[in-house]
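Please open the model in your viewer and keep the selection tool at hand. The tour goes from one selection to the next and says what to look for at each stop.

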Amino acid sequence: DSATNASSGDSATNASSGNSATNASSGNSATNASRGDSAKNEMKGAYSVSVDAGHEGRAKGKIGCWFCRSEWQRSDDAWKPLHVEAFYIDGQKVKEDTWYMLKDKKLTEVK
């Protein structure tokens with residue numbers, strides 16, 4: 001839990017599985033992956049990809065990056081995936097350097 005991963009080289013890879021983890025990459029074509037709840041994945045380099053399979057994960061990045069977010073719901077005493085979707089940061093529909101998460105199956109800006 002609360003792990004922090006950072007990389008600055010091109011094509012770097014960061015991964016975490018604990019809650020409240022932070023992954024950041026500044027190199028181009030980097031990949032970030034997380035599974036824990038409330039993880040943050042930040043892409044500072046171009047053409048990077050972030051995938052988060054945990055509840056209430058957040059991502060932000062530069063134009064040209066992709067991120068995948070997941071939303072979970074509590075059902076029958078277990079957490080179950082509700083919605084998963086990928087997004088392209090184009091600077092218009094999805095803004096650069098803005099934190100996003102899925103909420104009610106919609107991409108939502110968060111602070």
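The stops below begin with the whole chain and then turn to individual strands, loops and residue pairs.

**The whole chain.** Start with everything selected in cartoon view, bearing in mind that this is a predicted model. The secondary structure comes to 0 helices and 11 strands, and of the 111 residues in the chain 41% are buried. The accessible surface is about 6100 Å², with 46% of that area belonging to carbon and sulfur atoms.

**Strand E6 and its partners.** Next select residues 49–52, which form strand E6. In a regular strand the side chains alternate between the two faces of the sheet. Along E6, Ser 50 and Asp 52 point to one face and are buried, while Val 49 and Val 51 point to the other face and are not buried. Now add strand E4, residues 31–34, which pairs with E6 in the parallel sense over 4 bridges; here Asn 32 has Ser 50 as its bridge partner. Strand E8, residues 66–75, also runs parallel to E6 and is joined to it by 3 bridges, with Val 49 standing opposite Trp 66.

**A nonpolar patch on the surface.** Keep Val 49, Val 51 and Trp 66 selected and add Tyr 88, since these residues make a nonpolar surface patch of about 350 Å². Val 51 is partly exposed, because its relative accessible area is 38%, which falls between the limits of 20% for buried and 50% for exposed.

**The E8 and E9 hairpin.** Follow E8 onward to strand E9, residues 78–88, and note that E8 and E9 pair in the antiparallel sense over 10 bridges. Ser 70 has Val 84 in E9 as its bridge partner. Between the strands of this hairpin there are 2 residues, and Asp 76 takes a positive phi near 50 degrees. The side chain of Asp 76 meets that of Lys 80 in a salt bridge, at 3.8 Å from N to O; Asp 76 is exposed, with a relative accessible area of 69%, whereas Lys 80 is partly exposed at 36%.

**The largest nonpolar core.** In soluble globular proteins, nonpolar side chains tend to be buried together. To see the largest nonpolar core here, select its 9 residues: Met 43, Ala 59, Cys 65, Phe 67, Phe 87, Ile 89, Val 94, Tyr 100 and Leu 102. Centre the view on Val 94, whose contacts beyond four places in sequence include Phe 67, Phe 87 and Tyr 100.

**The loop between E9 and E10.** Which residues does Thr 98 contact, once its neighbours within four places in sequence are left aside? Select Thr 98, in the loop before strand E10 (100–103), and you will find Ala 59, Lys 60 and Glu 109 in contact with it. Thr 98 is buried, with a relative accessible area of 16%.

**Two salt bridges from that loop.** Finally, show Lys 62 and Asp 97, which form a salt bridge whose closest N and O atoms are 2.8 Å apart. The pair links distant parts of the chain, with Lys 62 in the loop between E7 and E8, and Asp 97 in the loop between E9 and E10, 35 residues apart. Then show Glu 109 and Lys 95, where the closest N and O atoms of the salt bridge are 2.7 Å apart. Glu 109 lies in strand E11, while Lys 95 is in the loop between E9 and E10.

Note on methods: Residues numbered from 1 in each chain as written. Predicted model: local features only at pLDDT ≥ 70, side-chain atom pairs only at ≥ 80, totals over all residues. Heavy atoms only, no water. Patch = residues over 30% accessible without salt bridge, like charges linked within 9 Å, V, L, I, M, F, W, Y side chains within 5 Å. Areas by Shrake-Rupley, 256 points an atom, 1.4 Å probe, with all protein chains shown as cover. Salt bridge = Lys/Arg side-chain N within 4 Å of Asp/Glu carboxyl O. Buried < 20%, exposed > 50% of the residue type's maximum accessible area, 1.4 Å probe, protein only. Pairing = 2+ DSSP bridges. Contact = heavy atoms within 4.5 Å. Core = buried A, V, L, I, M, F, W, Y, C linked by side-chain atoms within 4.5 Å.
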